[in-house]
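Hi,

Here is the structure I promised to send over. Have a look at it first, and then read on for what I found in it.

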Amino acid sequence: MKTRNRYQRVKGYGLVLIAASLWGISGAVAQDLFESARVSPEWLVVIRLLISGVLLLSLLAINKPEVRIWSIWKQRHDRLRLLLFGLAGLLGVQYTYFAAIHASNAATATVLQYLAPTLVVLFLAVRSKKRPGFAEFIAVILSFTGTLLLVTGGDLGQLSISQAALFWGVGSAVALAFYTIQPASLLAQWGTPLIIGWGMVIGGVGFSFVHAPWDIEGQITVPALLSIAFIIIFGTLIAFTCYLESLKYIRPAETSILASAEPLTAVVLAVIWLHVPFGWVEWLGTCCIVATVFILSFEKRNIGEHP
């Protein structure tokens, strides 16, 4: 029994690491698309959301026919919450993230997005009217310090990234925090795959009024199509499936810690493959922000979280 449990835990670790790595790689691939093929973030977002959402719902309908994918639209209250999640949550986090990459690079955008756990802690503290604990306070200080180092490069008198990059990067963290908190009751009632699938479709349809999917921008060559396919299939569907599957074998707190491989993967690829300049100050800032994930995850585990 112990051997079986150990195998399942190792399997869970492997699945979440695959998911996090694929997310990090897809960020670097998106940066390469923006730079080499001149693809716009608007077109990439609408294509990714529409195709991923339709594929996810189709797979759900085929593999789990007992899940009635249209049932959620019967309840008015659920419809409104789902629309809010799709437009403000999924579309919000997708567009701000890709816009941050377009304005800076995959490394900076991904690390700034990982401010989200700290923002969630602050929001919950305000909502519950309770002061954050000592560990949470340290996490807030670390995230603030890390962001300062990352965006200034150690020179506090000026930004080392553009104002647009800072705006979209912090916006991505805010959107991810909302994406994390808002759909909790929907996920518990309807299941994650259904909510994420519909959220993608809603976000894609909504954003189509801003940028039509048939309004193609950039040089759509074979390498560009392969990159887009990678982002949709590996960076979305497979990564999402691996992450959800990992929750069957390990604690959510452990998945949060291992998911920090995403910004590290994005940074390493951006530096080695895309030749993004990343000095020791930026690395220190990255480590500070990633450390907050560890602190907050351990804090959750210590207050009674069980596998």
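His-275 is exposed, with a relative accessible area of 64%. You'll find His-275 in the loop between α12 (261–272) and α13 (280–302). Its backbone caught my eye: phi of His-275 is near 60 degrees, a positive value in a residue that isn't glycine. Before you read too much into any one angle, remember that this is a predicted model.

Arg-38 has a positive phi too, of about 60 degrees, and isn't a glycine either. Arg-38 sits in the loop between α1 and α2. Is Arg-38 buried or exposed? Arg-38 comes out at 59% relative accessibility, and because the cut-off for exposed is over 50%, Arg-38 counts as exposed.

Now the overall picture. The protein has 13 helices and 0 strands, so if you walk along from the N terminus you meet α elements from start to finish. The radius of gyration is 19 Å, close to the 19 Å that the globule rule gives for 307 residues, so the protein is as compact as a globular protein of that length. The C-alpha trace spans about 55 × 50 × 45 Å along its principal axes. Buried residues account for 48% of the 307. As for contacts between residues at least 6 apart in sequence, 86% of them join residues at least 24 apart. On the outside, the protein exposes about 15,100 Å², with carbon and sulfur atoms supplying 67% of that area.

On to the inside. The largest nonpolar core has 44 residues, and those with the most contacts within it are Leu-33, Leu-44, Phe-98 and Trp-198. Which elements give two or more residues to this core? They are α1 (2–37), α2 (41–63), α3 (76–103), α9 (192–208) and α10 (222–246). Leu-44 is a good place to start clicking: leaving out residues up to four places away in sequence, Leu-44 touches Ala-30, Leu-33, Phe-34, Val-39, Phe-98, Ile-228 and Ile-231. Apart from that core lies another one of 19 residues, including Ala-259, Val-267, Ala-270 and Phe-278.

Leu-237 is worth a click as well. Leu-237 belongs to helix α10 and is buried, at 11% relative accessible area. Setting aside neighbours within four places in sequence, Leu-237 is in contact with Ser-52, Leu-55, Leu-56 and Ile-232. Leu-237 and Gly-197 are 40 residues apart in sequence, while their C-alpha atoms are 9.9 Å apart in space.

Next, the aromatics. A search of the whole structure turns up 11 aromatic pairs. Two of them are described here:

- Phe-167 and Trp-168 are edge-to-face, 5.0 Å centre to centre, with 75 degrees between the planes. Phe-167 is exposed, at 56% relative accessible area, whereas Trp-168 is partly exposed, at 25%.
- Phe-278 and Trp-283 are edge-to-face, 5.6 Å centre to centre, with 85 degrees between the planes. Phe-278 is buried, at 13% relative accessible area, and Trp-283 is partly exposed, at 29%.

Phe-167 and Trp-168 also turn up in an aromatic cluster, together with Tyr-95 and Phe-207. Phe-278 you have already met, as one of the residues in the 19-residue core.

Last, the cysteines. How many disulfides does a search of the whole structure find? The count is 0. Take Cys-288: the nearest cysteine sulfur, that of Cys-287, is 7.2 Å away, and Cys-288 is in no disulfide. The cut-off for a disulfide is 2.5 Å between the sulfur atoms. Cys-288 is buried, at 11% relative accessibility, and Cys-242 counts as buried too, at 12%.

If you only have a few minutes with the viewer, begin with Leu-44 and the residues it touches, among them Phe-98 and Ile-228. Then go to the loop between α12 and α13 and look at His-275.

Cheers

Methods
Residues are numbered from 1 along each chain as its sequence is written. This is a predicted model: local features need pLDDT of at least 70, side-chain atom pairs count only at pLDDT 80 or more; totals for chains, interfaces and linings use all residues. Side-chain values use heavy atoms; hydrogens and water are left out. A nonpolar core is a set of buried Ala, Val, Leu, Ile, Met, Phe, Trp, Tyr and Cys residues joined through side-chain atoms within 4.5 Å. Buried means under 20% relative accessible area, exposed over 50%, partly exposed in between (1.4 Å probe, protein chains only). Helices (H or I, at least four residues) and strands (E, at least two) are DSSP runs, numbered from the N terminus. Contact means heavy atoms within 4.5 Å. Rings of Phe, Tyr and Trp (its six-membered ring) pair if their centres lie within 6.5 Å; planes under 30 degrees apart count as stacked, over 60 as edge-to-face and the rest as tilted. The radius of gyration is taken over C-alpha atoms; the globule rule is 2.2 Å times the number of residues to the power 0.38. Accessible areas come from the Shrake-Rupley method with a 1.4 Å probe; for residues, only the protein chains shown count as cover.
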